[in-house]
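Below are some questions about how the terms used for a protein model are earned. Each answer sets a value against a rule and concludes.

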Amino acid sequence: MRAVRQGWVAALLLCAPAAAQQAPALRIERADGSMTDAGVVFDRGYATVQLALLDDLGWSVTEVGGDITIAVPNEIVVALRIGSPFFRWDGLVFQLSDAPYRDANRVLVPLQLLTDFFPTRLPDLYEYDGARSLLRAGDPSLVGGARPAGGGPGGGAVQLPTGPSTYDGPRVVIIDAGHGGADPGALGPRGIREKDVALAVALDLAAILRRNTDFEVHMTRDTDVFVDLWERGEIATKVKGERPGLFISIHGNSIPNQRTTRGFETYFLSEARTEHERRVSANENASLSYQGQGVDPENEPDLDFILRELRNLDHSHWSSLLAEFTQQELEEFHPGPNRGVKQGVLAVLTNALMPSVLVETGYLSHDEEGRLLAERAFQRDTAQALARAIERFFERYPPGNGDR
Ligand SMILES: [Zn+2]
């Protein structure tokens, strides 16, 4: 596929999807030079095209019970769902500005998929010219077999991580300091803010791990800035690449109307089982609303969809082991109690395609523990405990490197 659209100007690929949504029509130019009208539908105030158009463009299209799959054999799988703006492109989750929907006997998908995501992720195959409302489309069947297994530079699709057995390079650790910028997180006594506690522990942890050349350490933020929840995991997935790595998100907990609750708990990505897990998940997902999405994670079909889509990647065994080690190490110094390993639908973990946990290092809403969380010595002890948990984890992970 590398030769299909080689001469085109890459800058055009960065076109704004907004321009497309105001366009009255979209023309499609095929590889053979033929020109057709995409049949853009504006019924719901945003531009869509019929799902059948993708079939016409050479994709294999199926729709069963609202789950839409478009695929190129043995290559790219894109999964969408009617009513949800979220979709999965191979292993990564993305968000459209609007959702696919069903109308009588046809399914309509946002035009943005063709004009924004296709050209960006498959630049060898698609080019969108916003000024002319023209999409140049290659033949996806040419993709099959032409791309190296790891994904060519122009391919865009990310290969799912596998457990390398003879890898001898660094272990990649992505440290995520929760909240930040306009999102302060939970608030504790005397103006203590969760975002500051999380960043202090994260910076300490990074400093400790960087002394060990076995580790390559990245941070989703190292200053007081806002990073959106979806982006955090995606950053992690990108920097890790094919290497063994983990994602750890650092937080402080709060139940403002239960000021006697204290202790530490560690979450991994799975369905919340208890009322408490649902409440903590809801709190940690709340910063999604800083993007203006207003997601209600307590009853959120989109998150269910993402969870279901990612379940087959199944890092949950390793994530729960990392969570267990984290709890054990915190217990060594933390006044506690050890509230245990928990599971929840945590947006920050959904895009981190690797073993990943979210640790609630204590309760800001507890007067004594809240003040403790702000103490530098306590933050350093917390970071030491997390570092030990990470070291223990990599003694076992990935499988095959256990006895190194
Ligand atoms: Zn938090």
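**Terms and their grounds**

Q: Which strands form the open sheet, and in what order?
A: In this predicted model, four strands form an open sheet with mixed pairing, in the order E2-E1-E12-E11.

Q: What makes strand E2 (35-37) and strand E11 (126-129) edge strands?
A: Each of E2 and E11 pairs on one side only. From one strand to the next, the twist averages 20°.

Q: How do you know that strand E1 (residues 27-30) and E2 pair?
A: Two strands pair if there are at least two bridges between them. E1 and E2 have three bridges, in the antiparallel sense, so by that rule they count as a pair. One residue of this pairing is Ile 28, whose bridge partner in E2 is Thr 36.

Q: Which helix packs on the sheet, and which strands does the helix touch?
A: Helix H3 (residues 112-121) packs there, touching E1, E11 and strand E12 (134-137). The direction of H3 makes about 135° with that of E11.

Q: Why do strand E4 (residues 60-64) and strand E5 (residues 67-71) count as paired?
A: The rule asks for at least two bridges, and E4 and E5 have five, in the antiparallel sense; therefore they pair. Val 61 stands opposite Ile 70 in E5. The two strands form a hairpin with two residues between them, and Gly 65 in the turn has a positive phi of about 55°.

Q: Which residues are the protein donors of the zinc ion, and what makes them donors?
A: A donor atom must lie within 2.8 Å of this metal. His 179 (NE2), Glu 194 (OE), His 251 (ND1) and Glu 284 (OE), the last listed twice, lie 1.9 to 2.5 Å from the zinc ion, so they meet the rule. Their spacing in sequence is H-x14-E-x56-H-x32-E. His 179, in the loop between strand E13 (171-177) and helix H4 (194-210), and Glu 284, in helix H6 (residues 275-285), are 105 residues apart.

Q: Are His 179 and Glu 284 buried or exposed?
A: Buried means under 20% relative accessible area. His 179 has 5% and Glu 284 has 5%, so both are buried.

Q: Why is the pair of Trp 318 and Phe 393 called edge-to-face?
A: Ring centres must lie within 6.5 Å, and planes over 60 degrees apart count as edge-to-face. Here the centres are 6.1 Å apart and the planes stand at 90°, so the name applies. Trp 318 is in helix H8 (residues 316-331) and Phe 393 in helix H11 (residues 376-396), 75 residues apart. Trp 318, at 18%, is buried, and Phe 393, at 0%, is buried as well.

Q: What makes the pair of Phe 333 and Phe 378 tilted?
A: Tilted pairs are those neither under 30 nor over 60 degrees. The planes of Phe 333 and Phe 378 are at 55°, with 5.4 Å centre to centre, and the pair is tilted. Phe 333 lies in the loop between H8 and strand E17 (338-344) and Phe 378 in helix H11, so the pair ties together parts 45 residues apart in sequence.

Q: Why is Phe 333 called partly exposed?
A: The term covers values between 20% and 50%; Phe 333 has 25%, so it fits. Phe 378, at 6%, counts as buried.

How values were computed: Residues numbered from 1 in each chain as written. Predicted model: local features only at pLDDT ≥ 70, side-chain atom pairs only at ≥ 80, totals over all residues. Heavy atoms only, no water. Donors = N, O, S within 2.8 Å, 3.2 Å for Na, K, Ca; no water. Buried < 20%, exposed > 50% of the residue type's maximum accessible area, 1.4 Å probe, protein only. Axes fitted to C-alpha atoms, helices over the stretch in contact; angles between N-to-C directions. Contact = heavy atoms within 4.5 Å. Phe/Tyr/Trp six-rings, centres within 6.5 Å; stacked < 30°, edge-to-face > 60°.
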